[in-house]
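Okay, thanks for making time, everyone. I'd like to walk you through one structure, chain by chain, and you can follow along on the screen.

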Amino acid sequence: MHKGVLMHPIRTTRTAAAVAAGALTLAVTLTACGPAITSGETDAAGTAAPADRLQAPTEESPQGEITIWDRSGDLFNVFEAVIDDFNEVYPDVTVHHEAVDIDAKLQNTLITGADVPDGVFLDDAKVAGISDYLWDLTDVLAPYTDDIAPQKIDVNSTDGAIYGVPFDLDPGLLFYNEKALTDAGIDATGIETYDDLLAAARAYQEAVPGSKPIHLEQSPFLGQLQLEMYASQLGTALADENGELRLDSDEYRQVLGWLDTVNQEGLGTRAEYLSPSDVGALESGDQVFYPWAIWFSFAPEQQLTKTSGDWRAMPLPAWEDGGARSGAMGGSSFVLPKDGENSDLAWLFYEFLMFHEDGYSAVWGENDTYPNGLATSIPAYVPAADPAKPLFGPVEGLGGQDLWTTAVKAGAQIPGGAPAPTWWTGAVDYLGTNVQRMYDGDMTPDEVIEQSTADIQTNLVDRQ
Amino acid sequence: MTTTHAASPAGTRSARTRATATRPPGQSSRGLPAAVGSQAFLLLLALAFLAPVVWALVSAFKPATQIISDPLGLDLTALTLENYRRMFADVPIGQGFLNTAVVLVTKGAITLFCAPLAAYAFAKYRFPGRDLLFGTVLITLMLPTIVLIIPLLLEMKALGWVNTYQALVLPGAVDAFAIFWMRQVIADVPDELLDAARVDGCGEFGIFTRIVLPVIRPALAGLAVLTVMNIYNDFVWPVVAASSERMATLQVVLSTLAQNITGNRVGADYATVTGELLAAASIALVPLLIVFIALQRHFINGILAGSVKG
Amino acid sequence: MSTLVGPERVRGSQGRPLLRPWLPRKVAPYVFVLPFVAIFVAFSVYPMLFTLRLSFTDWRGSGAARWVGWDNYTYLLGNDMFWGSLANSAVLWLMIVPVQVVLGLLVAVLLNNAKIRMRSFYRIAFLVPFVTPLVAVAQIWVVVFDQEFGAVNGLLNLVGLPDVGWLTTSEWAKPTLALLFLWKTTGFIVIILLSGLQSIDASVYEAASIDGASRTRQLWSITVPLVRRTVMFSVVLQTLAVFQMFAEPFVVTDGGPYNSTTTAGLHLYENITRGDLGTGAANSFLLVVVVMGLSLLFVRFLRTED
């Protein structure tokens, strides 16, 4: 009487299995679907042919339309406002500016080659992964290359070609709660090395029992990004310029060892960057040291309502006396896909935005979106990052500190880097995750290095 | 793991005790306390189901930074429309509504026309190739749709359909589940009814429109509402198929906002985007909720009709 | 039902000689499936075959692809992450499906009782999560389950229980994700089960009551067997959903912590975003095999004797 919802479950599922087997045979013979298949090796990757090098337009007043993609949010509004200034110089270039879910769309758009934008805002770590689809910018950037922070050039380079117009430099800084530390009788300005930082953290914990003064990042992605900041200070990175893994090195052993010590001694607050838990520990004075990229400055400015104004920023401690006092963490660039219709005009836009005073002043200086200027990064273009000519004003969340000068000076110390390997994000599953296991006490620094090296090599490097 | 072990025995236990109160034609000797218990249980569960959504609707009116720093607090004096104002200024949500409406109407119409018609053939006719075709439908039901995205995009490119309504409408217009479900429903329509009509001279298509459709109308209403919800809330394919802002549907607008939070929180405006996202999500949810409440009788009866008594 | 359509009406408006010739019974089914088949072949079957072929190549999206035979499959079958993702999905299945069936059945039985008040309200309440956009749900979950400020831990503290790292520890992230999935989809399962319950004839219970069967006994010996096929339908449906689950972990945990919420669906997506399209395709077909095997198993296990 109750006729069920499935009619002939067994038979239909069996039919499905039979169909699957049939489809397999069909698909293998059906050569119409899919890309052309070669029997031999794919082309050996050589250096980019000159045809892949973008050239600037030669006309007096070039004309055309360009489409550029940016993430939605405040930065989008900042760039939007610069378009008018750009059009005063290049009145015949129409800019279509779109807020787009870049992570979800870019790869697919590039593969299909349909409606490809002329320029895209992209995390540095993702540039190398799609360099096959991008213009080599060596020629157009040539007049500026010497004046761009070396780390930004390196991170955007693959096989001797440059694939991104460097946007921002994100120097790592040590943010600290000056009021809380002073109340505990600690003078943070004396911190020069990571050993000093450990000592200060121990002293603070003694003065404020139960506190866990140093931030330990809990997001595997950001944790790996921060690890690269520490490594960048030591002039190294996950891969060298040939894409060879170099995690198994004294530098990484030193950094991981230090993080492990912080954790083992109970000196670290483990939380995700600005999650409610993190904010809580920052506001209560339990977490007073935050070694992070300059973009943390947004937190005391807007998010830390109770301790806003108590915070200060200083260059990172050095790994040894006299070592570099900063490393790069994150950062973005503009890439120009080869399939874009008017890539050369998009270059003009980015050239104006990054290398003309009117452009970069409009981005980092006072604007409608940031009345005080964009204080979450500094220009990668050295002439724009002039200590004597601050683009953004003093930061109130940092007690009116002149963050510009601090950041620019720190930025100048960042050692050169290496191109982010195509598999950098994929490595988070191994390295980023294993760092968290170390914080759990389940792995030693050596085990993290050994295990991650093996996994990244077999699952990522060898499968390129 | 722990929830399973903790919840299953508890659930089973209460299933036994509560069930005593629930037999339909009950002569209830101890019915009253059990009925109160059932009522209380349902009420608590319903509140738990509603609470997160209510939280989102309310939080959209809180200052953005408070949403993060004090998620549970509610300062009535601080309520603001700022999140909505910013959201309207930042994202093309009006265009999103418009595109969603276009896709909803066309795609919905195609599904509601093609699925029952094909399901009728699957359920009530024997024809060579039927099992092969239906087996293929089952396979696509088992294949994660996410893997088809790049092949589909290449197809859209070849057809010149990138950033068009066709690209948003046609792929997935007749989803395997709709066929699967409608086939069950139509299979339960008594054959005698169809044969009687045939004897009376009704044509094959006439049988479908005049006999089958009226009989399964409640289930069709159910399919309609389900289809509307699926199309309205779909975002995986639209996000890649509509790369131009001009073609962005509502969910594409939402996920563009969400990307700044979930993709990488390396942005400086985490809190403000969260506020904007909640505002946009509220605006997206409310029309659907209203339609849903207005049509819930049809919808629920429709699904209930999904298994017709034989 | 006979009141709905009378044969007389049919004949009255549609002449007998008109339709028979142009749509013979043998041809009719082909005509009826044609619109569906056109769309289905173009936008489901074709991309599926494309993907199948891709699974035997090392194509990364540009240039020519190289035929690699079963390499992608053997790589995955020897890969810990792949098995880990299947294990994660299996554990999530265990956390979700049994709970959902029991809870769904319980609620459906209650809602099927005419004595319960506000049934419309409950039906709507349970279905609201089902219609809420997922991207918003993700944000809600992150805030509600925060370790120190979330509402859930606040409630735990009220009854004297300690904080739980819902989204930050590998022991709890899976239950939290399972809870999200339960919250989002249980309303739909309730409705499906309710449809099964409503098709049971009330006279069966009357007979049982007369025979003196207790109500608990009635539930287990009458209700459960009779809705068995509906339960099976729900189980198969949710098995597909759980093993293909991608968007939920993608927006809430991104697979973390420690890949403990990297589901089978998310893992194959990660292959694709890494540009390894061939491996992603192979991964998805391995998943089809797993899901098909499970479906067969459940169908056999839950099949009624008839």
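So, what percentage of the 306 residues in chain C do buried residues make up? The figure is 63%. Before I go on, keep in mind that this is a predicted model.

Let's stay with chain C for a bit. By secondary structure, chain C has 15 helices and one strand. If you take the contacts between residues at least 6 apart in sequence, 66% of those in chain C join residues at least 24 apart. As for the outside, chain C exposes about 11,500 Å², and 64% of that comes from carbon and sulfur atoms.

Now a single helix from that chain. How many of the eleven residues of α7(C), residues 134-144, are buried? Eleven of eleven, as it turns out. The list runs from C:Leu134 and C:Val135 on to C:Val143 and C:Val144, and it also includes C:Gln139 and C:Trp141.

Next, a spot where two chains meet. Helix α7 of chain B, residues 149-159, and helix α3 of chain C, residues 28-54, have axes that come within 9 Å and cross at roughly 120°. The crossing is right-handed. From chain B, the contact takes in B:Pro151, B:Leu152, B:Leu154, B:Glu155, B:Met156 and B:Leu159. On the other helix they meet C:Ala42, C:Phe43, C:Tyr46, C:Pro47, C:Phe50 and C:Thr51. Sorted by class, that contact has ten nonpolar residues, one polar and one charged. While you look at those numbers, remember that an α-helix has 3.6 residues a turn, so residues three or four places apart point the same way.

Over to chain A and its sheet. Five strands make an open sheet there, in the order β3-β2-β4-β14-β7, with mixed pairing. Why is one side of β3 and of β7 left without a neighbour in the sheet? Because β3 (93-99) and β7 (165-166) stand at the edges, each with a single partner strand.

Inside the sheet, β2 (residues 64-70) and β4 of chain A run parallel and are joined by two bridges. A:Ile68 is the residue that stands opposite A:Gly119 in β4(A). Helix α13(A) packs on this sheet and touches β2, β3, β4, β7 and β14, with its direction at about 60° to that of β2(A). Then there's α2(A), which lies across β2, β3, β4 and β14 and runs at about 175° to β3(A).

Those two helices come up again with α14(A), residues 357-364. Buried residues in α14(A) are A:Gly359, A:Tyr360, A:Ala362, A:Val363 and A:Trp364. What covers them includes α2 (74-89) and α13 (343-355), along with the strands β8 (168-169) and β15 (378-379) of chain A.

Last thing, some backbone angles for anyone who likes a Ramachandran plot. A:Asp115 isn't a glycine, yet its phi is positive, about 50°. You'll find A:Asp115 in the loop between α3 (102-112) and β4 (119-123) of chain A, and it is partly exposed, at a relative accessible area of 44%. Chain C has a case too: C:Met118, also not a glycine, has a positive phi of about 55°. C:Met118 is in the loop between α5 (80-111) and α6 (119-131) of chain C. Buried, exposed or partly exposed, then, for C:Met118? Partly exposed, with a relative accessible area of 44%.

That's what I had, so over to you.

Notes
Residues numbered from 1 in each chain as written. Chains lettered and ligands numbered in written order. Predicted model: local features only at pLDDT ≥ 70, side-chain atom pairs only at ≥ 80, totals over all residues. Heavy atoms only, no water. Buried < 20%, exposed > 50% of the residue type's maximum accessible area, 1.4 Å probe, protein only. Helix = DSSP H or I, 4+ residues; strand = E, 2+ residues; numbered from the N terminus. Contact = heavy atoms within 4.5 Å. Areas by Shrake-Rupley, 256 points an atom, 1.4 Å probe, with all protein chains shown as cover. Pairing = 2+ DSSP bridges. Axes fitted to C-alpha atoms, helices over the stretch in contact; angles between N-to-C directions. Left-handed = near helix turned anticlockwise from the far one by under 90°. Nonpolar A, V, L, I, M, F, W, Y, C, P; charged D, E, K, R; others polar.
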